[in-house]
Amino acid sequence: MNTQINISHKQLFKMSLLGLLAALLLIAFTGNKASAQDKTLTLKEAIELGLQNSKTLKYSQAKIDEAVSQYNQAKDKSLPTGSVGLTYYRAQIPANTLDFGSEVINLPTSANAYLGTASVNEVIFGGNKLKYARQSTDLLTQVSRLDADKDKDQITFDIINSYYGLYKVLQSIKVVNQNIATEDQQIHQSQRFFDQGLVTKNDVLRFELQKANIQLNGIDLENNRKVINYNLNVLLGLPETTTIRIDTLTDSARTVGPLANYLDTAIQNRQELKALDLNNRVAQTNVKSIQANQLPTLSAAASGYYVDAAANPFPTHGNYITPITIGLTVGWNFDALWLNKNKVAQAKIQLTEVDINKGITTDNVKDEVNQNYQNYLTALDKIKLLQTSIAQAGENNNILQSKYKSNTASATDRADAETLLFQAQINLELAKADAVLAYYSLLKSTGKLNK
């Protein structure tokens, strides 16, 4: 029994025009891909390429180099300091006669004098301030390295996210193309039935409209593919015209352990928590450094002088003297006993802030791990349900296809069954990619993404 569908001639014309427009646009989108450079990448290759070309990681390395340089400068402050200098004096004496009555002394009208100095200074004990400065800059260097590791994890995850975002679109396009091929068969079959007088023209147009809607979906997917492909090219440092192809999708189902295991791993490996531990040690060192201001200092110095009053600055016997001095200096700014206590109090408050911040960050890390853990379990459950749904949609589609061939089901029922199967197929591919992304999100939240 064939069910009639009431569609006006104006509506039929619009449907046909819509299908033609969708087909032309899809051909235009897919035709441009032939001129682009194709590159097939595995996920591992994409990550390696992205990390190699990342401007962010190059900047992070520059920050590490800067921190290492500051550490080396802190070490240099423990080395002796020295200086040399030569001073020339020219004296003009207009009134050069000294009259003492019984004795008159005539001085020269001008004279030259040279003073040369050379000195070396070494701090023997400076209240351990240099030691604390070295420790502090060394810890800050380690913090910079952790920041670089964190940037590396984020870039890796961005690449993974874009990679599987592209995979989802490509898989959806593949399903679209498969369903377009199926619709072509249905259109051909319905046209044959129409020629035999078994169905109406409306039934044929119903399948053509179904194909047009699928093609429109394909146009949207192609536009999304181009956007994601361009962004991924930028991430990987590839030419903007490169068309990236996905090699294979790794298995979306991974063995998952207890939540407590992931929480413990995150506490041990998250860069933020390691950095806060280092910042805690920096704050402790800062307290000790400020307290060291109250201690006395001891330094040694050795100096040599060259004094020459002759016209010739180069040494000649009997025209110059060379005194040499060696000494120890003990100093104590005892006003630090009352001027330093508020600085120490502030440094201890900063240490407390670091401890509190670590507690807050630890809670946030645990929340993040738990959320990603639950998201991954949910993603696996969705895959199981969608696999069941595809089996059911496929069976339903086969039944209605058989009924339609025997003219016991309408074109509407036949098209609806195909739509359900088409949507279930797309949803399964998206769910598989989402499951992989959820797994990598879980790895990232535990600090094990690149380990």
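This dialogue walks through how to read the helices, cores and single residues of a predicted model.

Q: Where should I begin, and how many helices and strands are there in the protein chain?

A: Begin with the overall inventory, keeping in mind that the model is predicted. The protein chain has 10 helices and 9 strands, and of its 451 residues, 37% count as buried. If you then look at contacts between residues at least 6 apart in sequence, 83% of them join residues at least 24 apart.

Q: At what angle do helix 4 and helix 5 pack, and how do I read that angle?

A: The general idea is to compare the N-to-C directions of the two helices, where an angle over 145 degrees counts as roughly antiparallel. Helix 4, which covers residues 129-195, and helix 5, which covers residues 201-236, pack at about 160 degrees, and their axes are 8 Å apart. Helix 4 is therefore roughly antiparallel to helix 5. The contact between helix 4 and helix 5 is made up of 18 nonpolar, 13 polar and 8 charged residues, and the crossing of these two helices is left-handed.

Q: Are helix 4 and helix 9 roughly parallel or roughly antiparallel to each other?

A: Here the useful cut-off is that an angle under 35 degrees counts as roughly parallel. Helix 4 and helix 9 pack at an angle of about 25 degrees, with 12 Å between their axes, so the two are roughly parallel to each other. By class, their contact holds 2 nonpolar, 4 polar and 1 charged residues. On the side of helix 4 the residues are Gln186, Gln189, Ser190 and Phe193, and they meet Gln401, Tyr404 and Lys405 in helix 9.

Q: Why might I look for nonpolar side chains that are buried together?

A: In soluble globular proteins, nonpolar side chains tend to be buried together. In this model, the largest nonpolar core has 41 residues, and those with the most contacts inside it are Leu43, Ile160, Tyr164, Leu236, Ile244 and Tyr440. The elements that give two or more residues to this core are helix 2 (43-53), helix 4, helix 5, strand 6 (242-246), helix 9 (341-405) and helix 10 (411-445). Helix 10 supplies the largest share of the core, with 12 residues. Another core, of 9 residues, lies apart from it and includes Val169, Val175, Leu221 and Phe422.

Q: Which residues is Tyr440 in contact with, once its neighbours within four places in sequence are left aside?

A: Setting those neighbours aside lets you see which parts of the chain meet. Tyr440 is in contact with Leu43, Phe157, Ile160, Tyr164, Arg254 and Leu449. One of these residues, Tyr164, is found in helix 4. Tyr164 has a relative accessible area of 1%, so it is buried. Tyr164 and Leu43 are 121 residues apart in sequence, yet from C-alpha to C-alpha they are 8.8 Å apart in space.

Q: Do Thr141 and Asp76 count as buried or partly exposed, and how do I decide?

A: You compare the relative accessibility with the cut-offs, where under 20% is buried and over 50% is exposed, with partly exposed in between. Thr141, in helix 4, has a relative accessibility of 4% and therefore counts as buried. Beyond its neighbours within four places in sequence, Thr141 is in contact with Ala67, Val68 and Tyr71. Asp76 is found in helix 3, which covers residues 55-76, and at 47% relative accessibility Asp76 counts as partly exposed. Asp76 and Leu130 are 54 residues apart in sequence and 9.6 Å apart in space, taken from C-alpha to C-alpha.

How values were computed. Residues are numbered from 1 along each chain as its sequence is written. This is a predicted model: local features need pLDDT of at least 70, side-chain atom pairs count only at pLDDT 80 or more; totals for chains, interfaces and linings use all residues. Side-chain values use heavy atoms; hydrogens and water are left out. Axes are lines fitted to C-alpha atoms, for helices over the stretch in contact, and angles run from 0 to 180 degrees between N-to-C directions. Helices (H or I, at least four residues) and strands (E, at least two) are DSSP runs, numbered from the N terminus. Angles under 35 degrees count as roughly parallel, over 145 as roughly antiparallel, 65 to 115 as roughly perpendicular and the rest as oblique. A crossing is left-handed if the near helix is turned anticlockwise from the far one by less than a right angle, and right-handed if clockwise. Ala, Val, Leu, Ile, Met, Phe, Trp, Tyr, Cys and Pro count as nonpolar, Asp, Glu, Lys and Arg as charged, and the others, Gly among them, as polar. A nonpolar core is a set of buried Ala, Val, Leu, Ile, Met, Phe, Trp, Tyr and Cys residues joined through side-chain atoms within 4.5 Å. Buried means under 20% relative accessible area, exposed over 50%, partly exposed in between (1.4 Å probe, protein chains only). Contact means heavy atoms within 4.5 Å.
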